[in-house]
Amino acid sequence: MNNTKPKTLKESGFYQTKEWRKARKLALQRDHYLCQLRISKDCTRKANTVHHIKELEDYPELALTLSNLTSCCYACHEETKTKGRELPRGVRIIKM
Ligand SMILES: [Zn+2]
């Protein structure tokens, strides 16, 4: 077993920090608690998740940068994981 790998931010409890909770709340307020990703066509769901546009693990320095955060609903956020790609603000993916 290889246990020398450094912990990711997530593993080290980033999502439990009060800095993250604050940034997350600010992003939701900025986006009026509405899903900004809208990957699912016509998604008008309330946002309950905040997504890192540039991945947390790749850009830890942007972890708390509001311009790197976008509010989204759970379903759209799951889509970003399965697609594994960045979704710049305003870009929509139309499912075929
Ligand atoms: Zn959505």
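Which elements of the protein chain have the lowest and the highest mean pLDDT? Among the elements, H2 has the lowest mean pLDDT, at 84, and H1 the highest, at 98, where pLDDT is the predictor's confidence in each residue on a scale from 0 to 100.

**Before selecting anything**

This is a predicted model, in which local features need pLDDT of at least 70 and side-chain atom pairs count only at pLDDT 80 or more, while totals for chains, interfaces and linings use all residues. Residues are numbered from 1 along each chain as its sequence is written. Colour the protein chain by confidence to begin with: its mean pLDDT is 86, and 82% of its residues reach 70 or more. Where pLDDT is low, the predicted coordinates should not be read in detail.

**The whole chain**

Switch next to a cartoon view, in which the protein chain has 2 helices and 2 strands, arranged along the sequence in the pattern α-β-β-α. Helices (H or I, at least four residues) and strands (E, at least two) are DSSP runs, numbered from the N terminus. Of the 96 residues in the protein chain, 19% are buried; a residue is called buried if 20 or more other C-beta atoms lie within 10 Å of its own, exposed if 12 or fewer, and partly exposed in between, with C-beta atoms placed from the backbone. Among contacts with a separation of 6 or more, 69% join residues 24 or more positions apart, a contact being two residues whose C-beta atoms, placed from the backbone, lie within 7 Å.

**Helix H1 and the loop after it**

Select residues 18-30, which form H1. The end C-alpha atoms of H1 are 18 Å apart, and this agrees with the 18 Å that its 13 residues should span at 1.5 Å a residue, because the expected span of a helix is 1.5 Å times one less than its number of residues.

Move on to His32, which follows H1 and has a positive phi, near 55°. His32 is found in the loop between H1 and strand E1 (49-52), and it is exposed because 10 other C-beta atoms lie within 10 Å. Further along that loop between H1 and E1 select Arg38, which has a positive phi of about 45° although it is not a glycine. Most residues other than glycine have a negative phi. Arg38 is partly exposed, since 19 other C-beta atoms lie within 10 Å.

Still in the loop between H1 and E1, select Arg45, which counts as partly exposed because it has 17 C-beta neighbours inside 10 Å. Not counting residues up to four places away in sequence, Arg45 touches Cys35 and Cys73. Arg45 and Cys76 are 31 residues apart in sequence, and their C-alpha atoms are 9.5 Å apart in space.

**The two strands**

Now show E1 and E2 together: they run antiparallel and are joined by 4 bridges, where strands pair if DSSP finds at least two bridges between them. Within this pair, Thr49 stands opposite Cys72 in E2.

Is E2 buried or exposed on its two faces? Select residues 69-72 to find that both faces of E2 are covered, with Leu69 and Ser71 buried on one side and Thr70 and Cys72 buried on the other. In a regular strand the side chains alternate between the two faces of the sheet.

Centre the view on Thr70, which lies in E2 and is buried because 25 other C-beta atoms lie within 10 Å. Draw a distance from its C-alpha atom to that of Ala27, and the two are 6.5 Å apart in space although 43 residues apart in sequence.

For the loop between E1 and E2, select Glu55, which counts as partly exposed because it has 16 C-beta neighbours inside 10 Å. From Glu55 to Asn68 the C-alpha to C-alpha distance is 9.0 Å, with their positions 13 residues apart in sequence.

**Helix H2**

Finish with Tyr74, in helix H2 (residues 74-83). Tyr74 is partly exposed, since 13 other C-beta atoms lie within 10 Å. Leaving aside neighbours within four places in sequence, Tyr74 is in contact with Asn48 and Thr49. The C-alpha atoms of Tyr74 and Ala47 are separated by 7.4 Å, and the two residues are 27 residues apart along the chain.
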